[in-house]
Amino acid sequence: MNVYVCILLMSAVTYAIRIIPMVLLRKKITNTFIVSFLHYAPYVTLSVMIFPAILYCTSDIRTAAVGLAVSLVLSVCNAGLVGTAFVSCAAVYLAQLIF
Amino acid sequence: MTYTDRKELGKGFRDAFPVFLGYFAVSFTVGINAKNAGLTAFQASFMSFMNTTSAGQVAAIEIIGSGGSYLEILLSQIAINLRYLLMGAILSVRLDPDEKIWRRILVSFGLTDEIFALSSIQKPLNPWYPFGGWLMAMPGWTLGTLLGVLVNTVMPQNVTNALSLSLYAMFMAIVIPPAKKDLKIALTVVVSMAASAACYYFIPGLSAGMKVVILTIGVSALAAAFFPVREAVTTGEAKA
């Protein structure tokens, strides 16, 4: 296999998947079920990606739990995307020094 | 580009800064995998530039390293990246139906888990927003991959750990505030996390990408059936 052919093939497939819905789905949707489905879908996608993966993204479940707790508190307090990301990041870093 | 377009491009660019840092740290590992599979620094970073998809690249690198076939590459990319089809559909209906095709395709660049996350809370969605996010995040991903190959060591583990968690923290900051205001969203979030955990512990063979696709369809359908929203979400916040 040629590596460049592989890379271009990967890119073609991945971008085809990314472009198809943008080009084909252009009508305003009025069906209540589909509107509702698309309303909830982002929350489902993100929730599924967050948990339980967040517990295993550091090498120690205890530091991950600290990060989870801190990010939960900050999100509840509406600390914003960047604030939540950075403070949770710092919390995990510090927790690693302790554990 | 109108004034609004430029503003949204800049906003997407700035919002994606934590993504830049997270990608930079995580893609070191992709670079190391690539080097071990025999790819050059240019090939590895070219791959990152052309794809910006972590799981897809890791799978492809493994296939290249083990001397697999083009068919395997093709099938692995479809299976792993199928979730982008769903994410694309979610964002596509948020755009103005009259939006020009080339502008809609700007959104395609922003179809990574993290930029999708940022874009999913933009109502209405301007296509330059996700493109701005990609302009910030993609260099982090490509540069991290390049350095991973060249340096051939991971970033210090404690730095990678902290930055990986920051991406999940960003997801939390996107999901929790709307859940606080809307009990139906809160319930959807809890059910999704519980279902995801159940899949993780009881169906270990299910890949993360497939899990996202199956659960997004399943749980969103349940939520739509039990808690229908009447107003279209294309232009504004849906009203129950």
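The largest nonpolar core in this predicted model holds 106 residues, and the members touching the most others are Ile50(A), Ala137(B), Leu165(B), Tyr168(B), Met170(B), Phe171(B) and Ala173(B). If you want to know what feeds this core, look at helix α9 of chain B, residues 157-181, which is the biggest contributor with 13 residues. Domain 1 (3-167) and domain 2 (182-240) of chain B each put residues into the core too, so the core sits between them.

Now zoom in on Tyr168(B), one of those well-connected members. Setting aside neighbours within four places in sequence, Tyr168(B) is in contact with Ile50(A), Ala53(A), Ile54(A), Cys57(A) and Ser71(A).

That brings us to the interface. Here 69 residues of chain A are in contact with 81 residues of chain B. On the chain A side, α1 (3-24), α2 (32-50), α3 (61-76) and α4 (81-98) each chip in at least two residues, with α2(A) giving the largest share at 18 residues. As for character, that side of chain A splits into 46 nonpolar, 19 polar and 4 charged residues.

What about chain A taken by itself? Its secondary structure is 4 helices and 0 strands, running α-α-α-α along the sequence. Its radius of gyration is 20 Å, where a compact globule of 99 residues would come in near 13 Å. Along the principal axes, the C-alpha atoms of chain A fill a box of roughly 50 × 50 × 20 Å. Even so, 51% of the 99 residues in chain A are buried. And of the chain A contacts with a separation of 6 or more, 34% join residues 24 or more positions apart.

Definitions and conventions: Residues are numbered from 1 along each chain as its sequence is written. Chains are lettered from A and ligands numbered from 1 in the order in which they are written. This is a predicted model: local features need pLDDT of at least 70, side-chain atom pairs count only at pLDDT 80 or more; totals for chains, interfaces and linings use all residues. A nonpolar core is a set of buried Ala, Val, Leu, Ile, Met, Phe, Trp, Tyr and Cys residues joined through C-beta atoms within 7 Å. A residue is buried if 20 or more other C-beta atoms lie within 10 Å of its own, exposed if 12 or fewer, and partly exposed in between; C-beta atoms are placed from the backbone. Domain bounds come from an automatic or database domain assignment. Two residues are in contact if their C-beta atoms, placed from the backbone, lie within 7 Å. Ala, Val, Leu, Ile, Met, Phe, Trp, Tyr, Cys and Pro count as nonpolar, Asp, Glu, Lys and Arg as charged, and the others, Gly among them, as polar. The radius of gyration is taken over C-alpha atoms; the globule rule is 2.2 Å times the number of residues to the power 0.38.
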